[in-house]
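Hello,

Here is the structure I promised to pass on to you. Have a look at it first, and then read on for what I found in it.

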Amino acid sequence: MRAVLFQALVLGAVGLLAWYLTANTVANLQRQKIATGFGFLQKEAAFEIGESVIAYNATDTYARALLVGALNTIKVAAIGIALTVVLGTFIGIARLSSNWLVARLAAVYIEVMQDIPVLLQLFFWYALFYEMLPGPRQALNPLTGVYVCNRGLIVPSLEPHPAWRCMILALVAAMAASWLLRSWARRRQDRTGRPFPVFRVSVVLILGAPFVTWWGFGFPRAITLPELQGFNFSGGKTLSPEFSALLLGLVLYTAAFVAEIVRAGIQAVGKGQREAAMALGLRPAQVLRLVILPQALRVIIPPLTSQMLNLTKNSSLAVAIGYPDFVSVANTTINQTGQSIEGVAMIMVVYLFFSLSTSAFMNWYNKKAKLVER
C-alpha cells in the first residue's frame, strides 16, 4: 500500500505541475491577446518553398506547406539511411581487412569524420558547392546531359509516362515476392535439407518484373535533356546544392559511427565460427555473408537503430544551409503567424512520429534476426 501511495502522490504532483504550466501559459496568451489553436493551418501561406516532392505554390495553405517540409525531411532521411547503412557496412568490413592500407584508410576515415561536428561538415559541403564550383555558363560537363555547377547537379530526366509508375509497382511486388520466397526456402531447407537458389531467383524477379512491365508499355524511353537558357538550366532534374550538401554531410558523418558498430558486431562473433566455415570449404565471401554477418546482426541492430534516429534528427540542421525541411518551414510559419506554441508542438510530434516509426520497424527486424533456440 505504501508503494502504491507514493506512486499516486508522484503522479498527482506531476499532474498538478502540468495543470499549472498549462493554465499559466493560457493566461499569458490571453493577456497578450495572442490567438491560439490550429485554425491558421487553413490560411494562405504566402511564401515560396525552394524545392518540394509534391506541387506547391505560395497560394496554398500552411497545412500543405508543412506537409511539403515533412516530405522533404522524409526524403533526406530515407535516402540518407539507405546510403549510410551501405557505406558504413563497407567501411566497417574494410576496417577489419587483412590489407594494411585498406584497414588504415578506413580507420582514418572513421576518426576524422567522428571528430568533426556534423554542422561544420554541412557548412563545408555547402561552401564547396557555392564557392568551388563554377556558374551555370561554365558548368562542368562530365557526361552527356550531366552538368555540375553552383546551382547543383543537373541530370537528364524521363518524360512523364504511366509505365514508370507501373514499373515501380512491379519492383515493389517483386521484392515482396522475393521476401516470401526466401521465407519458404528457409522452411523447406529446415524440413528437407535441400537448399533453394533464392538469390538467383530473386535477382531474376527483381530485374525481370520491371523489364516485362517496360516491354508491355512498348519500351518508352523518351528523356528530357537539360539545356542552358540564360543564366540557368531548363529541363532535366536538378539536385539542389542544399539537398546535396545536407545528404553528403549526414551520410559521411553517420557512416563513421555505423562502421564502428559493424566492426564491433563482426568481432563479437567467435573466431571458431569463421574457422569452422572455412574448414567446410566456404569461400571468404560466403563465410562473411552466410556465417559472420547473420550472427553479427544481433549485436549490430540495436545501436544501428540509434544511428538511424540520429540521422533523422540531425536532418533538422538543414535550416542552417537553407534546405526547406520541416523545421525550416515550421519556423517560417511561426514567424508569420505568431503561433509559436502550436508550431513547436507540431515539430515535436512530427519528429516523435519519425523516431517511433523507425524504432518500431527496427524492433520488428531485430526480433526476426534474433537467435531462436530449439
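Let me start with a small puzzle: leaving aside its neighbours within four places in sequence, which residues is serine 355 in contact with? They are Leu309 and Lys313. Please keep in mind throughout that this is a predicted model.

**Serine 355 and its helix**

Serine 355 sits in helix H11. Is serine 355 buried or exposed? Its relative accessible area is 15%, and because the cut-off for buried is under 20%, serine 355 counts as buried. Ser355 has company in H11, where the buried residues also include Tyr351, Phe354, Thr358, Ser359 and Met362. Several of these positions are three or four places apart, and here a general point helps. An α-helix has 3.6 residues a turn, so residues three or four places apart point the same way. Further along the list of buried residues in H11 come Glu342, Gly343, Met346, Ile347, Val350 and Ala369. Among the elements that cover the buried residues of H11 are H2, H9 and helix H10 (326-337).

The length of H11 is as expected: its 30 residues should span 44 Å at 1.5 Å a residue, and its end C-alpha atoms are 43 Å apart, which agrees.

**A serine to set beside it**

Serine 97 makes a useful second case. It is found in the loop between H2 and helix H3 (100-115). With a relative accessible area of 28%, serine 97 is partly exposed. Not counting residues up to four places away in sequence, serine 97 touches Val102 and Ala103.

**The protein as a whole**

The protein has 11 helices and 8 strands. Its C-alpha trace spans about 80 × 80 × 45 Å along the principal axes. Of its 374 residues, 35% are buried. Among contacts with a separation of 6 or more, 66% are between residues 24 or more positions apart.

**The largest pocket**

This is probably the part you will want to open in your viewer. The largest pocket has a volume of about 2600 Å³. Its lining is made up of 44 residues, and those nearest its centre are Arg182, Arg186, Pro294, Leu297 and Tyr365. Six helices each give at least two residues to this lining: H2 (62-95), H5 (162-192), H6 (198-216), H7 (241-267), H9 (284-314) and H11 (340-369). Which of them supplies the largest share? That is H9, with 11 residues. Sorted by class, the lining of the largest pocket has 27 nonpolar, 11 charged and 6 polar residues.

**The second largest pocket**

The second largest pocket has a volume of about 290 Å³. It is lined by Gly50, Glu51, Ser52, Val53, Lys75, Ile79, Lys237, Thr238, Leu239, Ser240 and Phe243. H2 and strand S8 (237-239) each supply at least two residues of this lining, and the largest share, 3 residues, is from S8. By class, the lining of the second largest pocket has 4 nonpolar, 4 polar and 3 charged residues.

**A cavity**

How many cavities of 30 Å³ or more does a search of the whole structure find? There is 1, and the largest cavity has a volume of about 30 Å³. H2, H7 and H9 are the elements that give two or more residues to the lining of the largest cavity. The residues that line it are Ile81, Thr84, Val85, Thr254, Val258, Leu304, Gln307, Met308 and Leu311. H9 has the largest share of this lining too, with 4 residues. By class, the lining of the largest cavity has 6 nonpolar and 3 polar residues, and no charged ones.

**Helix H7**

H7 appears in the lining of the largest pocket and also in that of the largest cavity, so I will end with a few notes on it. Most of H7 is covered, with 22 of its 27 residues buried. There is a kink of about 25° in H7, and alanine 255 is at its centre. From first C-alpha to last, H7 reaches 39 Å, close to the 39 Å expected at 1.5 Å a residue.

Happy browsing, and do write back with any questions.

Best wishes

Key: Residues are numbered from 1 along each chain as its sequence is written. This is a predicted model: local features need pLDDT of at least 70, side-chain atom pairs count only at pLDDT 80 or more; totals for chains, interfaces and linings use all residues. Side-chain values use heavy atoms; hydrogens and water are left out. On a 1 Å grid over the protein atoms alone, a cavity is a set of points where a 1.4 Å probe fits but cannot get out, and a pocket is an open set with protein on both sides within 12 Å along at least five of seven lines; lining residues have an atom within 4 Å of a point. Grid points are joined across faces, edges and corners, and a volume is the space filled by probe spheres set on the points. Ala, Val, Leu, Ile, Met, Phe, Trp, Tyr, Cys and Pro count as nonpolar, Asp, Glu, Lys and Arg as charged, and the others, Gly among them, as polar. The expected span of a helix is 1.5 Å times one less than its number of residues. The bend at a residue is the angle between axes fitted to the seven residues ending there and the seven starting there. Buried means under 20% relative accessible area, exposed over 50%, partly exposed in between (1.4 Å probe, protein chains only). Contact means heavy atoms within 4.5 Å.
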